[in-house]
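Visitor: I have a structure to look at and some quick things to ask. Could you show it?

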Protein chains: 2
Amino acid sequence: MRMAEGVEWALHCCLDLAWARGTPVPAARLAAHHGLPAAYLTKQLQALGRAGIVRSTPGPRGGYLLDRPPHAVTLMDVVTALEGADPAFRCTEIRAGGPHTTRCAIDTAMTRAELAWRRELAGRTLADLDADVRRADPDAPAATRARLSPAPPA
Amino acid sequence: MRMAEGVEWALHCCLDLAWARGTPVPAARLAAHHGLPAAYLTKQLQALGRAGIVRSTPGPRGGYLLDRPPHAVTLMDVVTALEGADPAFRCTEIRAGGPHTTRCAIDTAMTRAELAWRRELAGRTLADLDADVRRADPDAPAATRARLSPAPPA
DNA sequence: ATAAATCTGGATATGCGATGTCCAGGATTC
DNA sequence: GAATCCTGGACATCGCATATCCAGATTTAT
């Protein structure tokens, strides 16, 4: 079982946008910042847009912005935006002996575990990540913000 | 993110073998019991064998047996046997600005959520599933055992 | 001994989703 | 009007889960 790599990209970009504090950042600059293929990162950003996590403005000086305060974006929100809401384990009801009236015990157990995972993800927001980073490296947000600022250093 | 369907198959087969109580069940009969492709189910059973969950005996009257008491096989054991031990989220360290001394906050958060999932799976065994099933349908284990018995009903 | 049943492991085919690229069209700023 | 940027669709590629087949080994039963 493997999570799409785009989830990692999206999480980093969301944090970047939180640090950009309302200044639009073009997809190409986000991609360059992380060494990612711009054409594909675009797809992830569009998914974040459809989920209402991110907003975009076209034209010069345009780009992506976070569309909610960082404390209102949970990791679960981002994962769901990219991976969809379907559970990883899907019961295909292979129990023998015709139709059953009770719920499959295996399905119940696997679903319970997945809910624990979702609960953890839903309990952490971009604001929490920001706090974690600042605790370890207080200058990182400002440095990132500078590197993503409208006028590139070269 | 999607879990391999073979995990579901393996869990059902493990429960079947627990109910067979030491009587070897051929892979072909397990497959027929659940309407699964025998040639592929074989692969999952072999993985369970390499993990020490299941044991096999060749020849007529041979087949698969559970190689541990049901309370000593956790759902995590089965999932790991089939999916491997790698986490679903793998940090590829795309943080910008050269090498970092601190751990990536995103990686930490995603890993924490996955540990919650693993903890749930590690906390439930085949014996628990067996108890769940008996609570809802006390005759199901015996019925399955009969259907898997060495002399097929036809 | 021979035959039948069963597992093991490797080779191979197939399908699907994640990854990745490209482009035509539209919106916005200058 | 030109440059910048996003949107959405079409398309190519790659890896992995799914699936099949077979030759070889092992054990049971006669």
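**Around the two DNA strands**

Guide: In this predicted model, a base oxygen of DNA strand C is 2.4 Å from an N or O atom in the side chain of K43(B). A pair like that is a polar contact, meaning N or O atoms within 3.5 Å; within protein, one must be able to donate a hydrogen and the other to accept it, and residues adjacent in sequence count only if both atoms are side-chain atoms.

Visitor: What do the numbers and letters stand for, and what gets counted?

Guide: Residues are numbered from 1 along each chain as its sequence is written, and chains are lettered from A and ligands numbered from 1 in the order in which they are written. The model is predicted, with local features needing pLDDT of at least 70 and side-chain atom pairs pLDDT 80 or more, while totals for chains, interfaces and linings use all residues; side-chain values use heavy atoms, without hydrogens and water.

Visitor: Back to DNA strand C. Which residues come nearest?

Guide: E5(A), A27(B), K43(B), S56(B) and Y64(B), out of 23 residues around the strand. Being near means having a heavy atom within 4 Å. Of the atoms of DNA strand C that come within 4 Å of the protein, 60% belong to sugar and phosphate.

Visitor: Where does the backbone of A27(B) come in?

Guide: One of its backbone N or O atoms lies 2.8 Å from a phosphate oxygen of DNA strand C.

Visitor: And DNA strand D, which residues come nearest there?

Guide: There, 23 residues lie around the strand, and K43(A), S56(A), G59(A), Y64(A) and E5(B) come nearest. Sugar and phosphate make up 60% of the strand D atoms within 4 Å of the protein.

Visitor: What does K43(A) do with a base oxygen?

Guide: An N or O atom in the side chain of K43(A) is 2.5 Å from a base oxygen of DNA strand D. For E5(B), a backbone N or O atom lies 2.6 Å from a phosphate oxygen of that strand.

Visitor: New topic. How many helices and strands has chain A?

Guide: Seven helices and two strands. These are DSSP runs, numbered from the N terminus: helices are H or I with at least four residues, strands E with at least two. The order along the sequence is α-α-α-β-β-α-α-α-α.

Visitor: How much of chain A is buried?

Guide: Of its 154 residues, 46%. Buried means under 20% relative accessible area, with a 1.4 Å probe and protein chains only.

Technical notes
Buried means under 20% relative accessible area, exposed over 50%, partly exposed in between (1.4 Å probe, protein chains only).
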